[in-house]
Amino acid sequence: MSYTNSVLKMIEEKYSYQPLFVQAVKEVLHSLEPAIKANEAAYKQNAILERMVEPDRQIVFRVPWVDDKGQAHVNVGYRVQYNNSIGPYKGGMRFHPSVSLGEIKFLGFEQCFKNSLTGLPMGGGKGGADFDPKGKSEQEIFRFCQSFLMELFRHVGADIDVPAGDIGVGAREIGYMYGTYKKITRLPEGWITGKGLDYGGSLIRKQATGFGLVYLVQAMLQEQGTCFKGKTVVVSGSGNVAIYAAQKAMEFGGKVVAMSDSSGWIYDKDGVDLKLVQEIKEVKRARLSEYVKTRKSAEYHDDGKVDSLRLWSVKCDVALPCATQNDIHLAHAKELIKNGVLAVGEGANMPTTIDACNAFLATKKVLFAPGKAANAGGVATSGLEMTQNSMRLSWTEKEVDEKLLAIMNNIYKNMSTTAKNFKDPINFILGANIAGFEKLARAMLAHGVQ
């Protein structure tokens with residue numbers, strides 16, 4: 001049995017109750033096989049893979065808080081500090097009822113490779129809580145964030161662990177946590193990113209993941225002699241990543257015809273009215289079903305079933321899954337391939353199942369950009385925010401955007417070059433995983449067994 005397969009078997013047996021984590025490890029280890037074989041003795045002797053798949057520490061804590069009626073509640077908080085070989089732990093925090101240790105481990109594991117690919121000195125981590133901000137009052141959210149930070153502050157810091165926002169954690173939640181941290185520690189430092197512009201935040205941060213996704217897909221298309229101009233685009237999701245990916249795709253000449261939320265999806269043959277989507281999702285906080293009340297030519301499909309084709313049945317040149325994990329299943333991939341999709345760029349974390357990824361790769365024609373490369377723009381700009389905080393200055397929107405574009409182009413270059421070096425030129429899953437892995441492995445070997 002090969003070294004990678006023995007480690008994978010260990011993970012499958014040990015963590016069978018954490019399917020998302022096992023899926024993430026399986027996807028990475030399978031693609032690392034060619035790189036591992038080239039230096040297997042050294043990697044095995046130093047237990048590089050075992051140390052890479054096991055986090056440095058897993059912090060689990062209770063979060064008691066009181067609602068507006070005086071009733072006490074208890075949620076569970078998590079912070080998984082995965083690997084700091086190349087810099088402080090870095091990764092978002094997610095507030096959602098579905099959050100579990102297995103989900104946080106999957107996201108933290110992915111974050112290690114993503115952060116490595118950015119070229120910035122950032123390690124990998126992730127956190128969150130099984131708390132749902134929806135339907136809560138401002139004071140309830142404040143009290144929860146304050147209680148969450150009363151424990152978390154012991155484990156984070158500008159040079160130790162720098163969290164950020166994620167699902168359910170936006171500017172409001174980050175502001176409450178930053179204020180609590182500063183009150184406890186008396187340190188007005190950049191220990192968290194995604195902050196407001198008035199207290200250390202960076203321009204472009206909100207748009208960064210979506211913009212970065214399109215920058216990388218554009219570079220991928222350009223190497224094949226084409227671009228977004230004149231292409232039909234389908235985007236799943238309607239949050240920050242989806243909205244700003246759609247915006248940048250349109251700026252590059254693409255035509256976005258479909259978007260979705262957790263209840264259904266819209267198809268607009270004339271091109272999605274993005275300002276209307278933003279008004280519905282960001283101002284009214286409503287469902288996309290509202291869209292067809294204004295755009296009579298559009299269609300709304302109340303269809304969120306996993307086993308249905310959903311918006312992936314819409315014929316498109318470029319597919320950008322920007323919603324959540326396991327959004328594209330094998331049936332969706334087959335439909336996209338049948339309809340002639342040219343490129344798929346993952347805006348979310350692991351939105352494509354392993355079977356679906358393999359189907360895209362098997363065509364030898366579909367350009368597939370994995371999330372750890374394609375959606376790295378968010379954490380890259382968080383890294384730029386950390387730099388601005390350390391330097392006690394703020395860059396202009398143009399400066400940040402130019403740096404983001406350069407980072408995404410460099411990620412694509414490294415991913416593409418690595419894939420070519422391993423004789424599989426458009427296998428960007430292999431290219432991204434190996435490029436991220438090799439930097440991490442070199443740092444871990446240099447530090448000794450720690």
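Reader: Which elements are included in what covers the buried residues of H15?
Author: Quick caveat: this is a predicted model, with local features needing pLDDT of at least 70, side-chain atom pairs counted only at pLDDT 80 or more, and totals for chains, interfaces and linings using all residues. Residues are numbered from 1 along each chain as its sequence is written, and side-chain values use heavy atoms, without hydrogens or water. Going by contact (heavy atoms within 4.5 Å), the cover includes E3, helix H5 (101-118), E5, helix H8 (208-223) and helix H16 (397-421).

Reader: How many residues of H15 are buried?
Author: Helices (H or I, at least four residues) and strands (E, at least two) are DSSP runs, numbered from the N terminus. Buried is under 20% relative accessible area, exposed over 50%, partly exposed in between (1.4 Å probe, protein chains only). H15 spans residues 377-391, and its buried set runs from Gly377 through Glu385 without a break, then adds Met386, Gln388 and Asn389. H15 is mostly covered, and the count out of its 15 residues is 12.

Reader: And which residue with a positive phi follows H15?
Author: H15 ends at residue 391. The residue after H15 has a phi near 60°, and it's Arg392.

Reader: E3 and E5 came up in that cover, so to speak. In what order do the strands of the open sheet run?
Author: There are 5 strands in this open sheet, with mixed pairing, where a pair needs at least two DSSP bridges. E1 (57-66) and E5 (161-164) each have a single partner strand, so one side of each has no neighbour in the sheet. That puts E1 and E5 at the edges, and the full order is E1-E2-E4-E3-E5.

Reader: In which sense do E3 and E4 pair?
Author: E3 covers residues 89-95 and E4 covers 124-129, with 3 bridges between them. One spot to look at is Met93, which sits opposite Gly127 in E4. The sense of the E3-E4 pairing is parallel.

Reader: What about E1 and E2: which residue in their hairpin takes a positive phi?
Author: E1 and E2 (residues 72-83) pair in the antiparallel sense over 10 bridges, and Val66 stands opposite Ala72 in E2. Between the two strands of the hairpin there are 5 residues. The one with a positive phi, near 90°, is Gly70.

Reader: What do the buried residues of H7 pack against?
Author: H7 runs over residues 171-185, and its buried residues are Glu173, Ile174, Met177, Tyr178, Thr180 and Tyr181. On the other side of H7, Ala171 and Lys183 are exposed. Just past H7, Arg186 has a positive phi of about 65°. As for the packing partners, the buried residues of H7 sit against E3, helix H6 (138-152) and E5.

Reader: Is Gly371 buried or exposed?
Author: Gly371 belongs to helix H14 (residues 371-374). Skipping neighbours within four places in sequence, Gly371 is in contact with Lys114, Glu346, Ala348 and Ala376. The relative accessibility of Gly371 is 4%, so this glycine counts as buried.

Reader: How far apart in space are Gly371 and Pro351, C-alpha to C-alpha?
Author: In sequence, Gly371 and Pro351 are 20 residues apart. In space, their C-alpha separation is 7.9 Å.

Reader: Last one: which residues is Val217 in contact with, leaving aside its neighbours within four places in sequence?
Author: Val217 falls inside H8, the 208-223 helix that helps cover H15. With the close sequence neighbours left aside, the contacts of Val217 are Phe228, Val318, Leu320, Ala343 and Gly345.

Key. Expected span 1.5 Å × (residues − 1).
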